[in-house]
Amino acid sequence: MAAALIRGAGLERYYQEREVLAPRSRYLEAGWNTVPTETDSSGIAETRLMVDGLRCASCVWVTEHVLQSTPGVAEATISYATGRCILRWDPEQVDLAELAGRIATLGYRPRLLGEETTVDRDLLLRLGVAAFAAVNIMMMSAALYLGWWSSMDPRFVVLFQWTSLILATPVALWCAAPFFSGAVSGLRNGVLHMDLPIALGVAVLYGQGIVATINREHAYVDSLAMLVALLLAGRMLESRGRRRAAEAAVSLAASVPATARRSTGEGVETVPADQLRPGDLIDVGTGEEVAADGVVVTGSGRVRMAHITGEAEPVEIHPDQEIVAGSVLLDGAMTIRVSAVGGDTVLHQMAEQLRMAADRGSRPTSADRIAPWFTAGTLVVAAVTFVAWALHTGLGAAVPRAVAVLVVACPCALALSRPLAAAAGLGASARRGLLFRSADALLDLVDVNIVALDKTGTVTQGALTVLEAEDEALRVAAGLERYSNHPIAAAIVDEAGNRGIPLPRGSHITEEPGVGISGVVDGRSWRLRPGGPGQVLLLDDAGRERIIALGDVVRSDSARTIAALRQGGLQVALLTGDHQDIADRIGQETGVRTVVARIDPVGKALWIRARRERGHRVLFAGDGINDGPGLAEADVGVAMGSGAASSVLIADGVISSGSLAPIPVALHAAHECRRAIRLNQARSIGYNILAVGAAAAGYVNPLVAAVLMPLSSAMVMWGASRVEVNVRELSL
């Protein structure tokens with residue numbers, strides 16, 4: 001059945017070209033048109049697939065172009081980062097089988113989500129073979145060049161020429177196969193991209209190498225091997241930023257427990273969480289996670305909701321208050337009436353936003369836009385050169401001059417301009433503490449004009465600390481709290497230890513969830529109760545109170561970093577779910593003028609979206625699972641490396657140190673990277689205009705062209721190396 005469907009879609013070439021057997025699938029066995037899809041009110045169907053075999057951004061661009069030009073396709077977006085493809089089409093004009101067939105005819109393999117194969121090492125192996133051959137051929141070529149002036153024994157000349165041709169054969173026929181495949185698929189679909197002149201240059205050079213070796217003339221297989229090796233290296237650099245952001249959603253969904261204790265009329269039963277229904281009653285005890293969204297019916301306690309609020313301090317939950325799935329009950333016990341389960345919970349909705357972020361497509365680069373014109377121009381100039389010289393002096397002069405044009409104009413330098421400069425920029429940023437997972441993310445920093453920062457764990461250290469307290473009050477409070485595992489207790493005991501205060505031993509200690517702790521210290525009765533925001537009150541047996549102020553401590557370099565960002569002309573905003581007075585205090589300490597308090601994860605994403613809709617470009621930095629929507633919505637999302645796993649996976653960049661200082665440094669690196677790319681492309685275009693003109697006029701023979709070609713690439717590499725030199729550590 002599958003074979004009939006493939007032949008019916010015109011994909012007979014699949015059986016000749018496939019490298020491995022396709023995985024079995026209950027949908028693929030029945031046909032692509034049986035794959036489940038979603039249909040909106042206008043009748044447009046939508047589904048998501050995996051596309052295997054994408055080797056570079058150009059592959060994505062060509063595939064999207066072909067799909068979008070198909071009648072009936074409303075949208076076709078492919079994420080180079082994850083390989084996931086979003087397809088939206090009109091079922092009355094085209095079906096999924098035809099779209100999958102178009103992907104397959106381009107040389108890539110469409111698969112269902114969840115049936116992805118592991119990434120192969122094909123590109124790395126091709127690069128290794130090409131590099132090995134190039135190095136050895138260049139060594140023998142150098143010996144041949146020197147031999148022309150020192151009268152090398154003809155036997156060694158023949159030996160070196162044939163050995164070079166033998167080494168160049170796998171380079172031309174196997175290592176360069178992706179370029180030939182891209183060129184053929186591009187021509188078949190009416191798309192010109194840089195694979196075509198590369199493939200043509202490789203073919204001509206290899207053919208010339210065979211003829212020249214047989215006739216004992218000079219062969220240009222050294223240029224062939226170096227050309228293929230450098231281009232494969234560029235593709236390797238371009239693809240090393242592949243991200244695995246889809247794992248973020250899996251990590252987030254895993255925050256929900258697999259089972260729950262459901263209350264029945266006669267007792268309690270343990271059931272899988274996915275069997276819960278709205279209206280069910282579930283019991284939650286100390287240390288347990290909540291399996292569904294709901295409202296507390298009975299009981300109370302302190303709940304850690306950092307995955308939603310992002311705040312380190314637990315929240316007191318009482319009857320009639322809402323609670324969300326994934327929350328952890330630190331103490332107490334409660335019964336919850338379920339209001340939302342599965343995909344309807346807040347946590348799963350956040351996970352879905354992360355999945356959508358993972359499917360963002362890549363933008364075409366300037367090289368992609370220039371490539372068709374460059375390709376057409378190169379082919380036209382080579383053809384005109386061949387015809388003109390053939391008519392003027394004969395084929396003997398026409399062939400080497402046409403080869404010289406193809407060799408000297410081969411767009412190696414242009415193709416390498418972006419990946420080499422981007423790799424240098426990524427390295428410069430990474431060495432200063434900010435690791436980006438794609439070149440696009442780094443280059444997007446150039447246009448950023450608003451930097452939005454989460455508070456807890458980003459601007460601050462993310463842990464409760466005693467900000468103000470008298471030594472005696474702290475000593476008594478520590479005596480009460482020394483055996484408690486409450487975060488406030490830990491902060492009080494740690495501060496007493498830092499001050500060198502001996503801890504007294506309390507007696508008759510009673511801890512009441514949501515109320516506080518009481519006991520006897522030094523023969524007197526004391527109570528520790530919640531006060532205002534960021535405060536606890538220590539009351540003696542006479543009712544006199546002493547205030548202990550607690551809060552999150554600002555990172556030591558946050559103020560300097562924010563000052564550097566503002567000096568760079570950027571607007572800085574602080575987004576937090578904390579109280580307004582606490583947010584204002586942090587804003588004053590760090591110099592942030594725009595402070596938004598009491599804002600939830602969705603609110604952060606909406607705040608960012610509103611600025612983007614006004615034409616701003618936003619960088620958002622956060623550290624918690626709750627920051628996922630904001631990281632996904634921002635033009636550039638940066639996660640603290642010490643934060644939640646899902647925030648790290650969904651972010652475009654990760655700060656490896658507990659500091660914000662790498663952000664302004666990365667902005668500087670991005671500007672240097674963009675500058676290097678533009679200069680490299682300008683140098684490459686200028687070089688090609690001059691070199692092609694000289695080759696067409698007969699002033700550059702293939703030998704000189706073979707020397708100039710790697711020199712042009714070396715020029716691009718030199719320009720990329722200047723990125724690291726020009727990036728200077730900011731004095732923060």
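Four exercises on a predicted model follow, each with a worked solution.

**Exercise 1. Describe the protein chain as a whole: its elements, its burial, its contacts and its surface.**

Solution.
- Step 1: start with secondary structure. The protein chain has 27 helices and 25 strands.
- Step 2: turn to burial. Of the 732 residues, 52% are buried.
- Step 3: look at contacts with a separation of 6 or more. Residues 24 or more positions apart supply 68% of them.
- Step 4: take the surface. The accessible area of the protein chain is about 31800 Å². Carbon and sulfur atoms hold 56% of that area.

**Exercise 2. Is R262 buried or exposed? Place the residue and list its partners.**

Solution.
- Step 1: locate the residue. R262 sits in strand β6, which spans residues 259-263.
- Step 2: apply the cut-off. Buried means under 20% relative accessible area. R262 has 17% relative accessibility, so it counts as buried.
- Step 3: find the polar partner. The side chains of R262 and D280 form a polar contact of 3.3 Å.
- Step 4: set aside neighbours within four places in sequence. R262 then touches G267, V268, E269, V271, Q275, L276, D280, L281 and I282. D280 thus appears in this list and in the polar contact with R262.

**Exercise 3. Which residues of helix α21 are buried, and why do they line one face of the helix?**

Solution.
- Step 1: pick out the buried residues. In α21 (residues 558-567) these are S558, T561, I562 and L565.
- Step 2: look down the helix axis. The buried residues of α21 fall within an arc of 95 degrees, and therefore they line one face.
- Step 3: name what that set packs against. The strands are β14 (450-454), β20 (545-554) and β21 (571-575). The helices are α18 (455-459), α22 (580-590) and α26 (662-696).
- Step 4: check the backbone just after α21. There G569 has a positive phi of about 85 degrees.

**Exercise 4. How many cavities of 30 Å³ or more does the structure hold, and what lines the second largest cavity?**

Solution.
- Step 1: count. The structure has 5 cavities of 30 Å³ or more.
- Step 2: give the volume. The second largest cavity encloses about 70 Å³.
- Step 3: list the lining. The second largest cavity is bordered by S141, L144, Q161, S164, T213, H218, A219 and V221.
- Step 4: assign elements. Those giving two or more residues to this lining are α6 (122-150) and α7 (154-175).

How values were computed: Residues are numbered from 1 along each chain as its sequence is written. This is a predicted model: local features need pLDDT of at least 70, side-chain atom pairs count only at pLDDT 80 or more; totals for chains, interfaces and linings use all residues. Side-chain values use heavy atoms; hydrogens and water are left out. Helices (H or I, at least four residues) and strands (E, at least two) are DSSP runs, numbered from the N terminus. Buried means under 20% relative accessible area, exposed over 50%, partly exposed in between (1.4 Å probe, protein chains only). Contact means heavy atoms within 4.5 Å. Accessible areas come from the Shrake-Rupley method with a 1.4 Å probe; for residues, only the protein chains shown count as cover. A polar contact is a pair of N or O atoms within 3.5 Å; within protein, one must be able to donate a hydrogen and the other to accept it, and residues adjacent in sequence count only if both atoms are side-chain atoms. The arc is that of the directions from the helix axis to the C-beta atoms. On a 1 Å grid over the protein atoms alone, a cavity is a set of points where a 1.4 Å probe fits but cannot get out, and a pocket is an open set with protein on both sides within 12 Å along at least five of seven lines; lining residues have an atom within 4 Å of a point. Grid points are joined across faces, edges and corners, and a volume is the space filled by probe spheres set on the points.
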